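Q: I'm new to this structure and would like a close look at one part of it. Could you walk me through one strand and its surroundings?

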Amino acid sequence: MRIYLPEIKQHKGEPVNFQFAGKIPEHFSVSQCGEGHLSLEVAARSSGDKVIVSGALEATMDSECSRCLQPFKQSFKSDFQEAFTLVPGLSASDDPELLAAEAANQLTVAGDYLYLDEYLRQVFILAQVYNPLCKPDCKGICAGCGAELNISACRCKTEPEPDARLAKLKELEHGR
Ligand SMILES: [Zn+2]
Ligand SMILES: [Zn+2]
């Protein structure tokens, strides 16, 4: 996504809105995520030598539960706001990729366009949950018997606890 700066400046501090909805761009992907949908709402306005970018990101993507390893759709969203400083001196003929990288690391921008791909990619990555769960109370997999505890019972303990048996014994003794 890129923002045409002369248009922003023309609005003299009034926000200009941009929207995006579609597949998660390939370069956003990290190993743990699969196909998914992304929607973005971005407002940009000029303020002195800065461009203030704010908005909301929402995504749904194929993930794997970190506890039970079952596939599920992970949803997350994040609000963001950032001030990009306009740096005079660089021209629009500079390599766009270089400008984008610069925008990401130093939050500066030059030329006629502000490139937001790298910035939005970072917002996207930070918004993700690192150990996603298919549901908050996912019971996972038993380390002992391998049972999927969401759908079947653990088979590790078919016998009652030793303590419980001891208590039973005591009960019997007292009853005598
Ligand atoms: Zn799970
Ligand atoms: Zn078990």
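What follows is a tour of one strand, its partners and the places around them.

Q: Please take strand β4 and its neighbours: which strands does β4 pair with, and which element gives the largest share of the largest nonpolar core?

A: Happy to help! Please keep in mind that this is a predicted model. Let's begin with the setting. The protein has four helices and seven strands, and from the N terminus on they follow the order β-α-β-β-β-β-α-β-β-α-α. Of its 176 residues, 15% count as buried. Among contacts with a separation of 6 or more, 53% are between residues 24 or more positions apart.

Now to β4 itself, which covers residues 50-64. On one side of the story is β3, residues 36-47. β3 and β4 are antiparallel and pair over twelve bridges. One facing pair to look for is L38 and A59, the latter in β4. These two strands form a hairpin with two residues between them, and G48 in that turn has a positive phi of about 65 degrees.

β3 has a further partner as well: strand β2, residues 16-23, pairs with β3 in the antiparallel sense over eight bridges. There, A21 stands opposite S39 of β3. If you follow the chain back from β2, you come to the loop between α1 and β2, where K12 is found. K12 has a phi near 45 degrees, a positive value in a residue other than glycine. For background, most residues other than glycine have a negative phi. K12 is exposed, because 8 other C-beta atoms lie within 10 Å and a residue counts as exposed at 12 or fewer.

Next comes the other partner of β4, strand β5, which spans residues 71-86. β4 and β5 run antiparallel and are joined by 15 bridges. Here S54 stands opposite Q81 in β5. This pair of strands also makes a hairpin, with six residues between them. L69 lies in the loop between β4 and β5, and its phi is near 65 degrees, again positive in a residue other than glycine. L69 counts as exposed because it has 11 C-beta neighbours inside 10 Å.

Further along, in strand β5, you will find F84. F84 is buried, because 22 other C-beta atoms lie within 10 Å and the cut-off for a buried residue is 20 or more. F84 and K50 are 34 residues apart in sequence, yet their C-alpha atoms are 5.4 Å apart in space.

β5 also brings us to a helix. L126 has its place in helix α3, and its C-alpha atom is 8.7 Å from that of S78, although the two residues are 48 apart along the chain. L126 is exposed, since it has 11 other C-beta atoms within 10 Å.

That leaves your question about the core. The largest nonpolar core has 16 residues, and those with the most contacts inside it are A44, V51, V53, L57, L114, L116 and L120. The elements giving two or more residues to this core are α1 (5-10), β3, β4, β7 (113-115) and α3 (117-127). β4 contributes five residues, the largest share. As a general rule, nonpolar side chains in soluble globular proteins tend to be buried together.

So, to return to where we started: β4 pairs with β3 over twelve bridges and with β5 over 15, and β4 also gives the core its largest share.

Terms used:
Residues are numbered from 1 along each chain as its sequence is written. Chains are lettered from A and ligands numbered from 1 in the order in which they are written. This is a predicted model: local features need pLDDT of at least 70, side-chain atom pairs count only at pLDDT 80 or more; totals for chains, interfaces and linings use all residues. A nonpolar core is a set of buried Ala, Val, Leu, Ile, Met, Phe, Trp, Tyr and Cys residues joined through C-beta atoms within 7 Å. Two residues are in contact if their C-beta atoms, placed from the backbone, lie within 7 Å. Two strands pair if DSSP finds at least two bridges between them.
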